[in-house]
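Colleague: I should be grateful for a close look at one part of this model.

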Amino acid sequence: MAEHNGDSATRQRLRLSGGTELSFITAGHASRPAVLLLHGTPNSARMFQVVAPALAQAAHVIAPDLPGHGESDVLPAVTFPAIGQAISELLDRLAIGPRFVYLHDWGAPVGLQIAMQAPERVLGLIVQNANAHRTGWGPGWAATQAYWSHPNPENEAQATAHLTLEGTRDTYISGVPPDVARRIPPEHWEEDWRVMNLPGHMDTQRALIRDYGNYAARFDAIAKYLERWQPPALMVWGRHDIYFDLAEVLSWMRALPRMEAHILDAGHLLLETHAAAAVSLMLDFIRRAGRADT
């Protein structure tokens, strides 16, 4: 594993204790506050390729490909807790202490597990279209919820029907105003679809759709964590998200009354079109919250 302390982003690999390898991007000096960037589906750390070097001005950035995504190996048994353990091992091996945690989509179950395991190490949460309340589920979640309740083949087929090239494209542009959607290169979802079809990756997608119901069962524990610890928090939310309802924004704000919230004219993958605005907000938050912690 290479060692790197510069501001430019570099990709590295780490062999975990279980034998699988994790691919991750790092940027910034290790002496700076750490920021763990966690992507969702169907993405990888590639979604942070613009953000990571920019954040390195004020932070030590760690952006892993979650197991079974990007260039990381598939885990033998795929669950969010298992992925959380893999990322926790990465942080331990890199000797990462206090950290900011960026929560997005499937990165939320992973990041919140890490935060709740060591709440005293959390410098702050950055919430970007990440669900942690039942209010985030709109009508489009009906098939998935039916699958959680009755995991039969018919319900599984309905809950995983979006695992297509068209469904991958929809994650980027569905519900997004046309002038905003035109700023997103089709090559981005085409690359995601290519990676999703690597050996074991589609099985990972299916397993995590099933396990997300177990994550939802932990919402009450997450609420208690937020109430007890009240971590500093920044929200940057794409208002045209087709997956998470805008009501989720208010749930986060009620849970964290001091959270700074910004609702942007973007979709689920906000960084595709609003990376510059998000970076500016995150740098300001990291600098302020980092000073408050010292």
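Which residues does tyrosine 215 touch, not counting residues up to four places away in sequence?

Modeller: The model is predicted, with local features needing pLDDT of at least 70 and side-chain atom pairs pLDDT 80 or more, while totals for chains, interfaces and linings use all residues. Residues are numbered from 1 along each chain as its sequence is written, and side-chain values use heavy atoms, without hydrogens and water.

With that exclusion, tyrosine 215 touches (heavy atoms within 4.5 Å) Ala108, Pro109, Leu112, Asn131, Ala132 and Ile222. Tyr215 also belongs to the largest nonpolar core (buried Ala, Val, Leu, Ile, Met, Phe, Trp, Tyr and Cys joined through side-chain atoms within 4.5 Å; buried is under 20% relative accessible area, 1.4 Å probe, protein chains only). Among the 57 residues of this core, those touching the most other members are Leu36, Ile87, Leu103, Tyr212, Tyr215, Leu226 and Trp252. Helix 9 (residues 201-216; DSSP helices are H or I runs of at least four residues, strands E runs of at least two, numbered from the N terminus) is the greatest contributor, giving seven residues. Another core, of 35 residues, lies apart from the largest one and includes Leu37, Met47, Val61 and Ala63.

Leu36 leads to the sheet. Strand 3 (residues 34-37) pairs (at least two DSSP bridges) in the parallel sense with strand 4 (residues 60-64) over three bridges, and leucine 36 has isoleucine 62 of strand 4 as its bridge partner. Helix 2 (residues 80-93) packs on the sheet, touching strands 1, 2, 3, 4 and 5. Helix 11 (residues 247-255) also packs on the sheet, in contact with strands 5, 6, 7 and 8. The sheet itself is open, with eight strands in the order 1-2-4-3-5-6-7-8 and mixed pairing. Strand 1 (10-15) and strand 8 (260-264) stand at its edges with a single partner strand each, so one side of each has no neighbour in the sheet.

Note on methods. Axes fitted to C-alpha atoms, helices over the stretch in contact; angles between N-to-C directions. Buried < 20%, exposed > 50% of the residue type's maximum accessible area, 1.4 Å probe, protein only.
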